[in-house]
Amino acid sequence: MAVSLNTTLRNSRADAITTFAGNGAKLRIYTAGAVQIVECVCGTPFAGAASSGVLTLSAISQGTAGATGTATNASIYKADGTTLIVSGLTVGTSASNVNLSSTLITTGDNVAISSATITEGNA
């Protein structure tokens, strides 16, 4: 039998991510081969209150690509750059955790995040 959590509990768990992230969290985008393409700074606050177990991140600053590649996944770190908050986020042009206008990124490109969400599991 699959685990199922109450929506209020899912929201609380998602909101705990915002508290833990604090200000200035870093969203890093990688290739499938784990090459970091770009780092962007998350907004303050990190996100508004979760709704239906979904945390929608506030506006994220553009970053300048330091490498060329196809963006496939992302991780978020605290402002210190070493404390991992969440990893394994999907990256795409729609219906992903992190959405960009294009996943094909070249060194020097300005990379803008159009939207980013984290969905608390066990609905």
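These exercises work through a strand pair, three residues around it and two charge-ring placements.

The model is predicted: local features need pLDDT of at least 70, side-chain atom pairs count only at pLDDT 80 or more, and totals for chains, interfaces and linings use all residues. Residues are numbered from 1 along each chain as its sequence is written, and side-chain values use heavy atoms, with hydrogens and water left out.

**Exercise 1. Describe how strand 1 and strand 2 are joined.**

Step 1. Strands are DSSP runs of E, at least two residues, numbered from the N terminus. Strand 1 covers residues 26-30 and strand 2 covers residues 36-41.

Step 2. Two strands pair if DSSP finds at least two bridges between them. Here five bridges join the strands, which run antiparallel.

Step 3. Pick out a facing position: R28 is opposite E39 in strand 2.

Step 4. Go to the turn. The hairpin has five residues between the strands, and A34 has a positive phi near 70°.

**Exercise 2. Classify T31 as buried or exposed, and list its contacts.**

Step 1. Place the residue. T31 is in the loop between strand 1 and strand 2.

Step 2. Apply the cut-offs: buried is under 20% relative accessible area, exposed over 50%, partly exposed in between (1.4 Å probe, protein chains only). T31 has 11%, so T31 is buried.

Step 3. Contact means heavy atoms within 4.5 Å. Neighbours within four places in sequence aside, T31 contacts I37, G69, T70, T72 and N73.

**Exercise 3. Work out the surroundings of S75 and N73 in strand 6.**

Step 1. Strand 6 spans residues 73-77 and holds S75. N73 is in strand 6 too.

Step 2. S75 has 8% relative accessibility, so S75 is buried. N73 has 23%, so N73 is partly exposed.

Step 3. Residues up to four places away are not counted. S75 then touches K26, L27, R28, Y30, L84, V86, S87 and G88. On that basis, N73 touches R28, I29, Y30, T31, A32, L89 and V91.

Step 4. Add the side-chain link. A polar contact is a pair of N or O atoms within 3.5 Å; within protein, one must be able to donate a hydrogen and the other to accept it, and residues adjacent in sequence count only if both atoms are side-chain atoms. The side chains of N73 and T72 make one at 2.9 Å.

**Exercise 4. Which rings have the charged ends of R28 and K78 over them?**

Step 1. The rule: NZ of Lys or CZ of Arg is within 6 Å of the ring centre and within 35 degrees of the ring normal.

Step 2. R28 sits over Y77, 4.4 Å from the ring centre. K78 sits over F20, at 4.3 Å.

Methods
Helices (H or I, at least four residues) and strands (E, at least two) are DSSP runs, numbered from the N terminus.
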